[in-house]
Amino acid sequence: MQRDNGVCLMTPRHIFGPVLSRRLGLSLGVDLIPFKTCSYDCAYCECGTTTDKTITRQDFFPAEHVITELRDVLASHPHLDSITLAGSGEPTLSRSLGPVIAFVKREYPEYTLSVLTNGSLMTDENVREELAVADRVIPTLTSVFQETFERIHRPHPLLRIEAIIEGMVQFRKMYSGALWLEVFVIPGLNTTAEELTGLKGAIERINPDHVQLNTLDRPPAEGWVEAATDAELERVSAVLGGSGIEIVGRKLPVSHAMKVNTDAGDLVRATLCRRPSTVEDLVRTTGLSGGEVAKILGVLERAGTVTSKRGARGVFYAILPGKDDQ
Ligand code: SF4
């Protein structure tokens, strides 16, 4: 990373944020995967269509590159609620997963390390062992039925939801950290009585510490996916178990996010690379003013770097494919 009088001249390739996450608070994202490399191609994915659908673990980037960027960002010991392995693909596909988790827990044990995963590789004993070093692991489950699973996630053809659930059950048995289960709710697809009964049984088997109900918040890969209403989420929560289940709220408090070795334009661009956002989202997550965000978006638009799309909460901005390194 080039530096000049302590000022970063390049946006880090693997680190983004911190952003104010609905689920994790102030979260520094770590992306181990090339854009849209995933074992799924979820109809609700906010990053668009999967371009490399795979279940083969690979050395996408040297772990040392990620670790160097992390060292640089964490040197000032910023306040963070979580360092989160996430991004625009499935992090367990990366062979850097284990080394990066081990590095953070060895050198920065004061931080909570979370992993957001679709859970599909938890069938692999090596993946389970690497994840077991993290403080918090958050896999996703939407259905116990293969047909619904395929409709929602359009997974790699070798993936079977029964085996994935069994992988989560095995992981729970060996894992003493916090296992949170995300249940993504799509009205009409996984909200029938049969679907919810199946999900309730799977949750009992997996025995997570916490269940979070989530729903669409940003423009999805497929236009037919709809967000669940608050009433629908309440109903699903009641069927699945009520008090132990958190409905992830849609409203966020005003951010106290700070900048991490990057100027305002880089911060906005790094956020948009991973997460389509409205102006309001960007104000909240970056701590910049509305005027500053609008000015930066104007520059990026004139440069042909961003695209915009209308969603339920307003106009969402995203970096155009191929423009993320500029
Ligand atoms: S939502 Fe997650 S698991 Fe699904 S396609 Fe997108 S990156 Fe992959």
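This report describes selected strands, helices, loops and the ligand shell of a predicted model.

## Basis

The model is predicted, and local features need pLDDT of at least 70, side-chain atom pairs count only at pLDDT 80 or more, while totals for chains, interfaces and linings use all residues. Residue numbers start from 1 along each chain as its sequence is written.

Helices (H or I, at least four residues) and strands (E, at least two) are DSSP runs, numbered from the N terminus. A residue is called buried if 20 or more other C-beta atoms lie within 10 Å of its own, exposed if 12 or fewer, and partly exposed in between, with C-beta atoms placed from the backbone.

## Strand S8 and its neighbours

Strand S8 covers residues 113-117, and five of its five residues are buried. Burial applies to both faces: Leu-113, Val-115 and Thr-117 lie on one side, and Ser-114 and Leu-116 lie on the other.

S8 pairs with two strands (pairing requires at least two DSSP bridges between the strands). With strand S7 (residues 82-85) the sense is parallel, over three bridges, and Ile-83 has Leu-113 of S8 as its bridge partner. With strand S9 (residues 136-141) S8 is also parallel, through four bridges; here Leu-116 stands opposite Ile-138.

Each of these pairings is accompanied by a β-α-β unit. S7, helix H2 (residues 97-107) and S8 form a right-handed one, and S8, helix H3 (residues 125-131) and S9 form a right-handed one as well. A crossover is right-handed if, with the strands pointing away from the viewer, the path from the first strand over the helix to the second runs clockwise.

## Strand S11 and helix H6

Side chains alternate along strand S11 (residues 210-214). Val-211 and Leu-213 point to one face and are buried, whereas His-210, Gln-212 and Asn-214 point to the other face and are not buried. Both buried residues take part in strand pairing: Leu-213 stands opposite Val-183, and Val-211 has Ile-245 in S12 as its bridge partner. S11 runs parallel to strand S10 (residues 178-184), joined by five bridges, and parallel to strand S12 (residues 245-247), joined by three.

Helix H6 (residues 193-206) completes a right-handed β-α-β unit with S10 and S11. Its 14 residues, at 1.5 Å a residue, should span 20 Å, and the end C-alpha atoms are 20 Å apart, in agreement; the expected span is 1.5 Å times one less than the number of residues. The buried residues of H6 are Glu-195, Leu-199, Ala-202, Ile-203 and Ile-206. They cover an arc of only 100° around the axis, so they lie on the same side of H6; the arc is that of the directions from the helix axis to the C-beta atoms. The face turned away from this buried side carries the exposed residues Ala-193, Glu-194, Gly-201 and Glu-204.

## Helix H8

Helix H8 (residues 264-274) is mostly covered, with eight of its 11 residues buried. The buried residues are Leu-267, Val-268, Arg-269, Ala-270, Thr-271, Leu-272, Cys-273 and Arg-274.

## Backbone features

The peptide bond from Gly-17 to Pro-18 is cis, with omega near 10°. Gly-17 lies in strand S3 (residues 15-21), as does Pro-18. Gly-17 is buried, with 26 other C-beta atoms within 10 Å. Gly-17 and Gly-29 are 12 residues apart in sequence, and their C-alpha atoms are 6.0 Å apart in space.

Two residues other than glycine have a positive phi: Lys-36, at about 55°, and Arg-154, near 45°. Lys-36 is in the loop between strand S4 (25-30) and strand S5 (37-38), and it counts as buried because it has 20 C-beta neighbours inside 10 Å. Arg-154 is in the loop between helix H4 (146-153) and helix H5 (161-174), and it is partly exposed, with 18 other C-beta atoms within 10 Å.

## Ligand shell

The residues around the ligand (C-beta atom, placed from the backbone, within 6 Å of it) are Cys-38, Tyr-40, Asp-41, Cys-42, Cys-45, Cys-47, Thr-50, Gly-89, Glu-90 and Asn-118. By class the shell has five nonpolar, three polar and two charged residues. In this scheme Ala, Val, Leu, Ile, Met, Phe, Trp, Tyr, Cys and Pro count as nonpolar, Asp, Glu, Lys and Arg as charged, and the others, Gly among them, as polar.
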